[in-house]
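This report describes one strand, its pairing partners and the loop that follows. The sequence and the structure are shown first, and the description comes after them.

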Amino acid sequence: MERLAHFPTFNAAWQVNSHHTLNLSFNSNATYPSYWSTMSQIYYSSAYSEIWGNPLLRPSKHYDTSLSWLIKGRYTLVAFAKICNDYAVQLPYQLSNRMAVVMQVVNFNHRNVFGLQAMARFSAGAWLNGNAYVTGMFISDKNSHFFDLPFNRTRFTVRMGGNLSALLSKRPNVRFSISPTFQSRSIQGVYDISGIFSLNASMRWASANGKWNAVLSGNNLTNRQIVTHSGYGNQDFGLRVRQDWTTLAFSLIYKFGNYKAKTKKEVDTSRMRK
């Protein structure tokens, strides 16, 4: 007889008054491993690196809950917990009997994340507006059957960022936007992940009639990269991952014709009135 899996979802909102709203949510789900990761073959990606399949992989079970407090429609405080049993991810392991690094998708006992987040929207007339957030997270990774190197590791991580948009001039219409993101050091299993800082920015000019727009944008201006290192136990393995190259782009946009919004009939709600 097949076992049934239950993954409920719950959401409740309470508007205390016009300035305060509370929201409680709970979500659960399962993530199944890819077909190729469950094969028993060994793939040789280089003379030193091997990719092992894992036919014993199990689905990951996720349970996420959060309590958010919206204050005056501008500020939000969130307490959250993410519980994941049988969390699956690919990790490296350096063999002790020969020069080789094994990359294999494995199941953790759990990966649990508990945190607090604060978000705010701000503005100064029509000249300045934006948003900012800061998140503090406590991460707990445990795997009691990772080759001969079981681990139970914890780490506190901070993530912050936002977006700032400033109107530099009305005539001509010029607006500048900047979006920074920062994350402190973190972990993933036996990996230590370095801090990350990225920066995107753009400058937009619009003609007086709104038909012409010129945009100069830059993405990943800090040439972001993720540096990971495994120095746990007898391991000494590092990897540098570049997300994207720094890019600069210039766009010139012209709007043809005059857009007119379609006239819509009002919905007749008279039958809903008492």
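In this predicted model, E17 and E18 form a hairpin in which six residues lie between the two strands, and Gly233, placed in the turn, has a positive phi of about 60°. The two strands of this hairpin, E17 and E18, pair in the antiparallel sense over six bridges, and Val227 has Arg240 in E18 as its bridge partner. E17 also pairs with strand E14, again in the antiparallel sense, over two bridges, and here Ile193 has Thr228 in E17 as its bridge partner.

The two pairings that involve E17 are set out below.

| Paired strands | Sense | Bridges |
|---|---|---|
| E14 (residues 191-193) and E17 | antiparallel | two |
| E17 and E18 (residues 237-242) | antiparallel | six |

Along E17, which covers residues 225-230, the side chains alternate between two faces: Ile226, Thr228 and Ser230 point to one face and are buried, whereas Gln225, Val227 and His229 point to the other and are not buried.

The loop between E17 and E18 holds Asp236. Is this residue, Asp236, buried or exposed? Asp236 counts as exposed because its relative accessibility is 55%, and the cut-off for that class is over 50%. Leaving aside neighbours within four places in sequence, Asp236 is in contact with Gln94, His229 and Ser230. Of these partners, Ser230 belongs to the buried face of E17, while His229 points to the other face. The C-alpha atoms of Asp236 and Tyr93 are separated by 9.2 Å, although the two residues are 143 residues apart along the chain.

Technical notes:
Residues are numbered from 1 along each chain as its sequence is written. This is a predicted model: local features need pLDDT of at least 70, side-chain atom pairs count only at pLDDT 80 or more; totals for chains, interfaces and linings use all residues. Side-chain values use heavy atoms; hydrogens and water are left out. Buried means under 20% relative accessible area, exposed over 50%, partly exposed in between (1.4 Å probe, protein chains only). Helices (H or I, at least four residues) and strands (E, at least two) are DSSP runs, numbered from the N terminus. Two strands pair if DSSP finds at least two bridges between them. Contact means heavy atoms within 4.5 Å.
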